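Open the model in your viewer and keep the selection panel at hand. The tour goes stop by stop.

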Amino acid sequence: MEVRRVLHRIKKERSAYFFIMPTLLLVFTFTFYPLVQGIRLSFFKAGLRERTWVGFQNYSELFRDPLFWLELKNTLIIAAILIPLVVGSSLLIASLIVQFKKPWQIFFRGAFYLPVVTSGVVISMVWIWIFNPTYGLLNHILSLVNIEPVMWLGTTNPARLAVVILIFSWSLGANIIYYSASLAAIPKTMYEAAMMDGANSLQRFFKITIPLVMPMTLFILMMTSIGAFQIVEAVYILTGGGPAYATTTVAFRIYQLGFRYFRFGQASVQAVILLMIVFSFAFLQFRYLSKKLEF
Amino acid sequence: MFRKSLTILLVLGLVLGLGIGSLAGEKIVLDFWTSWGADMAWENEVIAEFEKENPDITIRKESIIGGTGYTQKLMLAVASGNTPDVFVEYVGRVAPWWFQDVLVPLNDTLTEEDLADFIPSLLELHTIDGNLFAYPHFFDLRAWGGNKTLLERAGVIDIPEGISWDFDAWLDALDKVVQMEGDYYPLVFFANGRSCDYITLMNFQMFGASLYQDGDYTKTTLNSPEGVRALEWMIEMVAKGYAPKGVAGISCGEGLGMIKRGLVVFGWCPDLQLIQNTFDKGEIDYIPEFSVWETPHVAGAPPVPLYTGGNAIAVFKGDQEEAAIKFAKFYVSQESLEKANASGDVGGVSFSRQSIPIPDGMRRSMEIAAKNGLGDLGLNSPYYLEVRDLQYVALQKAFTGQMTAKEALDEFAEKLSALWK
């Protein structure tokens with residue numbers, strides 16, 4: 001009965017299914033199928049051409065490898081700093097920009113968006129020079145305020161911070177645009193009413209702005225979180241995963257194992273673990289934050 | 001009526017076209033990938049000449065910039081079974097394909113004349129387990145570049161032009177540079193990045209340590225007393241201000257950039273051609289003649305020119321192997337190499353045949369190589385890329401103080417042995 005009802009419904013809505021079929025096919029071909037194959041590959045010792053079933057051996061080797069735990073630690077540290085920084089800064093900057101006159105709003109949004117449309121490789125190459133310990137711009141600025149030069153890419157924690165700074169500069173633009181759109185949708189009358197009730201700017205920001213942009217915050221938070229766990233390009237160009245694995249993230253290691261050493265089985269295992277982490281994170285964020293949504 | 005006539009005409013034309021095509025006979029089309037990234041006139045001439053001599057073969061060339069992108073393109077091609085017939089790439093990125101069992105062994109394809117003409121040690125470096133996996137095209141050696149103006153300003157009077165610097169005399173020159181007014185460094189070391197591992201190995205070789213012995217990575221002497229001394233010397237140089245700090249984060253490109261900007265006096269360079277280019281552009285003003293054949297080295301450490309690789313041409317297994325081998329051989333024939341040499345596009349390197357004139361700067365290095373052998377990076381080993389990565393990690397651990405030089409190098413040697421188990 002149930003099956004017949006479903007079939008009847010499909011028949012009734014067949015034109016709708018017809019229209020979404022191309023997208024469904026694309027999603028299946030380029031998302032679900034590779035996902036399933038990737039999970040399957042994690043149970044093999046796989047090179048470019050040979051493949052041997054090893055069961056859970058790849059998983060047990062991975063959990064016994066100290067480098068994996070270091071990668072995970074690096075990934076979580078970078079994500080923990082990057083996510084609140086990007087989300088908070090985007091909202092703050094968007095809130096400031098929205099108060100300018102229109103031409104200035106356009107100028108600042110364009111300026112912040114410029115890195116988004118610039119090649120990540122180019123940005124990384126520029127930052128390499130900015131971070132140069134002896135001749136870089138950043139250390140030069142620090143020297144003007146009598147701060148000792150920092151070995152940005154040559155020591156552990158500064159290298160992690162360098163990766164965060166690079167990604168931060170790259171990620172702001174798009175999020176500022178999203179927040180700008182969200183802020184523009186807040187009725188001005190709410191702010192006027194609050195002002196009449198004696199609310200100061202900080203109170204208006206925390207009591208009106210933040211709650212009303214929460215749907216956008218949820219979206220940006222999820223997208224930034226997913227992106228923070230997938231950092232490869234910046235690490236590849238800026239630090240090569242060093243110094244001494246300090247910036248080797250799980251995603252970077254997946255790239256190294258698969259595309260540099262041709263160890264696809266081991267790369268797949270890490271990809272599966274990363275998938276589980278990102279999925280859990282996104283799920284928890286959605287569960288917690290969606291309760292706080294206001295419209 | 002008109003539409004019917006037009007349809008009949010179109011069908012006839014199609015049939016005729018196919019017919020003529022088939023009557024013309026099967027032409028072999030070889031897919032040829034090169035790593036120049038740009039269209040080389042001499043290469044097009046070589047192809048045209050080959051096609052003239054072999055009218056039944058057409059070469060379909062694709063120029064790709066060598067490096068990671070090219071490797072990934074090849075990877076996809078191998079995985080999908082849609083490889084080119086012939087490809088040219090840097091030998092360190094050709095050898096890994098041998099271990100994937102996708103290349104044709106070329107041992108029995110060379111005549112006695114060829115074998116006599118190719119540089120013997122070079123053929124050996126293109127051989128894995130007795131199988132010639134690619135024909136060598138050209139090769140290069142590492143070189144120094146430097147700033148003579150700064151040396152003179154520092155008061156270094158006897159700047160050698162034709163002979164090797166004595167190690168202590170060289171250290172004296174470094175002392176003078178570091179005492180100069182202004183922000184100048186005599187040297188730069190770098191341990192970030194996936195290239196220029198040659199340069200770091202040069203610093204080890206100066207003290208008599210090498211990455212591996214007799215083709216065996218498990219016999220590395222990098223963690224020998226000489227190797228430890230070399231790394232400790234580098235760390236000391238940084239601590240004393242003879243080289244910029246933050247070595248673990250400085251990349252090869254940055255290092256060379258500092259030399260070009262006149263901020264650093266001496267620097268190794270991965271290949272003579274690159275140094276020659278920067279010299280020709282006026283970015284450096286000193287290529288010591290000795291730089292390609294005798295580095296300053298401690299007493300007892302023999303100078304060994306380090307082979308940093310070059311391009312090689314290899315053939316993928318497939319249906320057109322015979323034609324592909326024919327073209328690959330033609331690509332490295334004397335006539336073709338003479339074209340490449342005469343073009344000036346491939347300057348500062350030595351081609352793989354002895355009949356092609358060797359640049360003056362490399363002649364002496366070839367004499368030393370004949371006496372002491374060619375040092376190489378193990379470009380034809382299955383774990384070459386991983387070894388490089390492990391090497392960087394060991395250096396980074398030592399330069400950041402996470403481990404002592406001995407601990408870092410011992411850990412490196414242990415990991416090398418584990419790779420070969």
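In what kind of crossing does helix 2 of chain B pass helix 13 of chain B? The crossing is right-handed. Keep in mind that this is a predicted model.

**Stop 1: helix 2 and helix 13, chain B**

Select residues 41–53 of chain B for helix 2, then residues 321–331 of chain B for helix 13. Their axes come within 10 Å and cross at roughly 130 degrees. That angle makes helix 2 of chain B oblique to helix 13 of chain B. Now show side chains. From helix 2 of chain B, the contact takes Trp42(B), Glu43(B), Val46(B), Ile47(B), Glu49(B), Phe50(B) and Glu53(B). Helix 13 of chain B answers with Ala323(B), Lys326(B), Phe327(B), Phe330(B) and Tyr331(B). Color this contact by class: eight residues are nonpolar, four are charged and none is polar.

**Stop 2: helix 2 and helix 14, chain B**

Keep helix 2 of chain B on screen and add helix 14 of chain B, residues 334–343. These two pack at an angle of about 160 degrees, with axes 9 Å apart. The angle is over 145 degrees, so helix 2 of chain B is roughly antiparallel to helix 14 of chain B. The crossing is right-handed. Pick Trp42(B), Glu45(B), Val46(B) and Glu49(B) on helix 2 of chain B. They meet Ser336(B), Lys339(B), Ala340(B) and Ser343(B) on helix 14 of chain B. By class, this contact has three nonpolar, two polar and three charged residues.

Trp42(B) is worth a label: it appears in the contact with helix 13 of chain B and in the contact with helix 14 of chain B. Label Val46(B) and Glu49(B) too; they are listed for helix 13 of chain B and for helix 14 of chain B.

**Stop 3: between the chains**

Show both chains. How much area do chain B and chain A bury between them? About 2900 Å², with 57% of it on carbon and sulfur atoms. The contact takes 34 residues from chain B and 31 residues from chain A. Two salt bridges are counted between the chains. For a salt bridge to inspect, select Glu386(B) and Arg263(A). Their closest N and O atoms are 2.4 Å apart.

**Stop 4: helix 8 and helix 11, chain A**

Move to chain A. Select residues 156–184 for helix 8 and residues 214–228 for helix 11. They pack at an angle of about 170 degrees, and their axes are 10 Å apart. Helix 8 of chain A and helix 11 of chain A are therefore roughly antiparallel. Helix 8 of chain A passes helix 11 of chain A in a right-handed crossing. On helix 8 of chain A, pick Asn175(A), Tyr178(A), Tyr179(A) and Ser182(A). Their partners on helix 11 of chain A are Met216(A), Thr217(A), Phe219(A), Ile220(A) and Thr224(A). Five residues of this contact are nonpolar and four are polar, with no charged residue.

**Stop 5: a loop in chain A**

Where is Pro243(A)? Look in the loop between helix 12 (233–238) and helix 13 (250–260) of chain A. Zoom in on the backbone. A cis peptide bond joins Gly242(A) and Pro243(A), with omega about 0 degrees. Then select Ala244(A), which lies in the loop between helix 12 and helix 13 of chain A. Phi of Ala244(A) is near 55 degrees, a positive value in a residue other than glycine.

Conventions: Residues are numbered from 1 along each chain as its sequence is written. Chains are lettered from A and ligands numbered from 1 in the order in which they are written. This is a predicted model: local features need pLDDT of at least 70, side-chain atom pairs count only at pLDDT 80 or more; totals for chains, interfaces and linings use all residues. Side-chain values use heavy atoms; hydrogens and water are left out. Axes are lines fitted to C-alpha atoms, for helices over the stretch in contact, and angles run from 0 to 180 degrees between N-to-C directions. Helices (H or I, at least four residues) and strands (E, at least two) are DSSP runs, numbered from the N terminus. Angles under 35 degrees count as roughly parallel, over 145 as roughly antiparallel, 65 to 115 as roughly perpendicular and the rest as oblique. A crossing is left-handed if the near helix is turned anticlockwise from the far one by less than a right angle, and right-handed if clockwise. Contact means heavy atoms within 4.5 Å. Ala, Val, Leu, Ile, Met, Phe, Trp, Tyr, Cys and Pro count as nonpolar, Asp, Glu, Lys and Arg as charged, and the others, Gly among them, as polar. Buried area is the accessible area (1.4 Å probe) that two parts lose on being put together, summed over both. A salt bridge is a side-chain nitrogen of Lys or Arg within 4 Å of a carboxyl oxygen of Asp or Glu.
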